[in-house]
Amino acid sequence: MAEARYRGEVVKLDRGYPLVRLEDGELLRCEHATALVKGERRRAVIGDVVEVAVPPAHDKGVIEAIAPRTREFVRKDPTERAVPQVLAANFERVIVAQPVGEVNLRRLERELVLAFETGAEVTVVLTKADLADDAATRATVEAVQALAAPAADVLVVSEDDPASVEAVRALLAPGTTTVLIGRSGVGKSSLVNMLVGAEVLSVGAVREGDGKGRHTTVSREMIPVPGGGYVVDMPGVRGLGLWDADAGIEAAFADVEQLAEQCRFRDCRHLDEPGCAVRAAVDSGELSEARFASYQGLRQETAQVKERREEARRLRGEKASTSGKRRPPKSRKGKRG
Ligand code: GDP
Ligand code: ZN
């Protein structure tokens, strides 16, 4: 009997064995072909379109090829110095979630950089509105909008307000995939359950371990939302180290970048150069010290990663990278005023 070949999509990842949904809807547990993971260490991630072979008398499929990705969510591998880690592929939107009563603007900036870097549409969803009072919520929404808008919309949801969940559902166009990111406990699983209208994810139950603790069965899964595409919850994503992030920083810090265009020197580092428009804006209070520090920190982090990557390449005896390539700028709804 000849081996059968199929095309499918990775819809779940746990313990390294991708679950692939074949074109006829059947789910098949798969492993990677050795040729695929050797050398380049290419591994399928959630959302990947893959070619699968099923050898006769084999209980698993074998992923032989991964189709080129339209989009990737990438962070720096937390366990290695200069290696990227792709967390999801082929999605149209990223939702960044934080509880409205405990928003961390600095973390939000980092999350937005990673989200914008993918080139996808980005939405900030502030959760657990029932736990915060209205005045505080309004103030927080304003502060978050100042960071995110108009490049990303800001929505507020609450478990006790079905209409707020409907506003999120309206973003999930049929046939599209949305990736949900945010710290553990911000309410991602609850949001998914509300979107689906059933307990598809266990709330508050997943422990995001360090790989050693109990309950480390942290799986990533593509979940169909009735009438509205798929959502991918990403538990277990604690660190969000930057990888390529120039385009993401540009989008997430459009206000700072705009100021930087007024600096006297094209390559101004905004430290002690004369004629620095960014420092001037900090001094006048137009740009907050904290946001400026965050911008500088993230720029430094991505520069450092780039440097280490080049270093690693040199050690392997390869030529300087051409992969400093720029993605075309993401379509923006408008410019920050
Ligand atoms: P995840 O780790 O991001 O998936 O967060 P969970 O969905 O597991 O939620 C963490 C905790 O926040 C749980 O105890 C939820 O019951 C609670 N929670 C989530 N959404 C809401 C909300 O809208 N209102 C309130 N009061 N609690 C919420
Ligand atoms: Zn400057």
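Among contacts in the chain between residues at least 6 apart in sequence, what percentage join residues at least 24 apart? The figure is 65%, and I would like to keep that number in view while we walk through this chain, bearing in mind from the outset that what we are looking at is a predicted model.

Let me start with the chain as a whole. It has 337 residues, of which buried residues make up 47%, and its secondary structure consists of 9 helices and 13 strands. The accessible surface of the chain comes to about 17,300 Å², with 50% of that area belonging to carbon and sulfur atoms.

I turn next to two positions in the strands. Gly-8 sits in strand E1, which runs over residues 4-14, and with a relative accessibility of 8% this glycine counts as buried, because the cut-off for that class is under 20%. Although Gly-8 and Leu-22 are 14 residues apart in sequence, their C-alpha atoms are 4.1 Å apart in space. Once neighbours within four places in sequence are set aside, Gly-8 is in contact with Val-20, Arg-21 and Leu-22, and also with Asp-48, Val-49 and Val-50.

Cys-30 belongs to strand E3, residues 27-32, and at 0% relative accessibility it, too, counts as buried. If we again leave out residues up to four places away in sequence, Cys-30 touches Tyr-17, Pro-18 and Val-20 on the one hand, and Val-52, Lys-60, Gly-61 and Ile-63 on the other. Val-20 therefore appears in the contact lists of both Gly-8 and Cys-30. For Cys-30 and Ala-53, which are 23 residues apart along the chain, the separation between C-alpha atoms is 9.2 Å.

Now to the helices, and to H2 in particular, which covers residues 105-117. Does its length come out as expected or not, and what is the reasoning? At 1.5 Å a residue, its 13 residues should span 18 Å, and since the C-alpha atoms at its ends are indeed 18 Å apart, the two values agree. As for its surroundings, 10 of the 13 residues of H2 are buried, so this helix is largely enclosed by the rest of the structure. The buried residues include Leu-108, Leu-112, Val-113, Leu-114, Ala-115 and Phe-116, but also charged ones such as Arg-107, Glu-109, Glu-111 and Glu-117. At the N-terminal end of H2 there is a cap, provided by Asn-104, which has a side-chain oxygen 3.0 Å from the backbone nitrogen of Arg-106. After the helix comes Gly-119, with a positive phi near 85°.

By way of contrast, consider Glu-142, which is found in helix H3, residues 134-148. Its relative accessible area is 58%, and because that is over 50%, Glu-142 is classed as exposed. The C-alpha atom of Glu-142 is separated by 9.3 Å from that of Val-154, which lies 12 residues away along the chain.

That brings me to ligand 1. Which of the 15 residues around ligand 1 come nearest? They are Asp-130, Gly-185, Ser-189, Ser-190 and Gly-204. Sorted by class, the shell has 7 polar, 5 charged and 3 nonpolar residues.

Several polar contacts can be listed here. A backbone N or O atom of Gly-185 lies 2.7 Å from an oxygen atom of the ligand, an N or O atom in the side chain of Lys-128 is 2.9 Å from a ligand oxygen, and a polar backbone atom of Val-186 is 3.3 Å from one. On its own, ligand 1 has 580 Å² of accessible area, and the protein covers 78% of it.

Two of those nearest residues, Ser-189 and Ser-190, deserve a further word. Ser-190 lies in helix H5, residues 188-196, and Ser-189 is placed in H5 as well. With relative accessibilities of 16% for Ser-189 and 14% for Ser-190, each counts as buried. Beyond its neighbours within four places in sequence, Ser-189 is in contact with Leu-201, Ser-202, Val-203 and Asp-233, while Ser-190 touches Glu-159 and Val-203 under the corresponding exclusion. Val-203 is thus a contact of both serines.

I will stop there and take questions.

Note on methods
Residues are numbered from 1 along each chain as its sequence is written. Chains are lettered from A and ligands numbered from 1 in the order in which they are written. This is a predicted model: local features need pLDDT of at least 70, side-chain atom pairs count only at pLDDT 80 or more; totals for chains, interfaces and linings use all residues. Side-chain values use heavy atoms; hydrogens and water are left out. A residue is near a molecule or strand if one of its heavy atoms lies within 4 Å of it. A polar contact is a pair of N or O atoms within 3.5 Å; within protein, one must be able to donate a hydrogen and the other to accept it, and residues adjacent in sequence count only if both atoms are side-chain atoms. Accessible areas come from the Shrake-Rupley method with a 1.4 Å probe; for residues, only the protein chains shown count as cover. Helices (H or I, at least four residues) and strands (E, at least two) are DSSP runs, numbered from the N terminus. Buried means under 20% relative accessible area, exposed over 50%, partly exposed in between (1.4 Å probe, protein chains only). Contact means heavy atoms within 4.5 Å. The expected span of a helix is 1.5 Å times one less than its number of residues.
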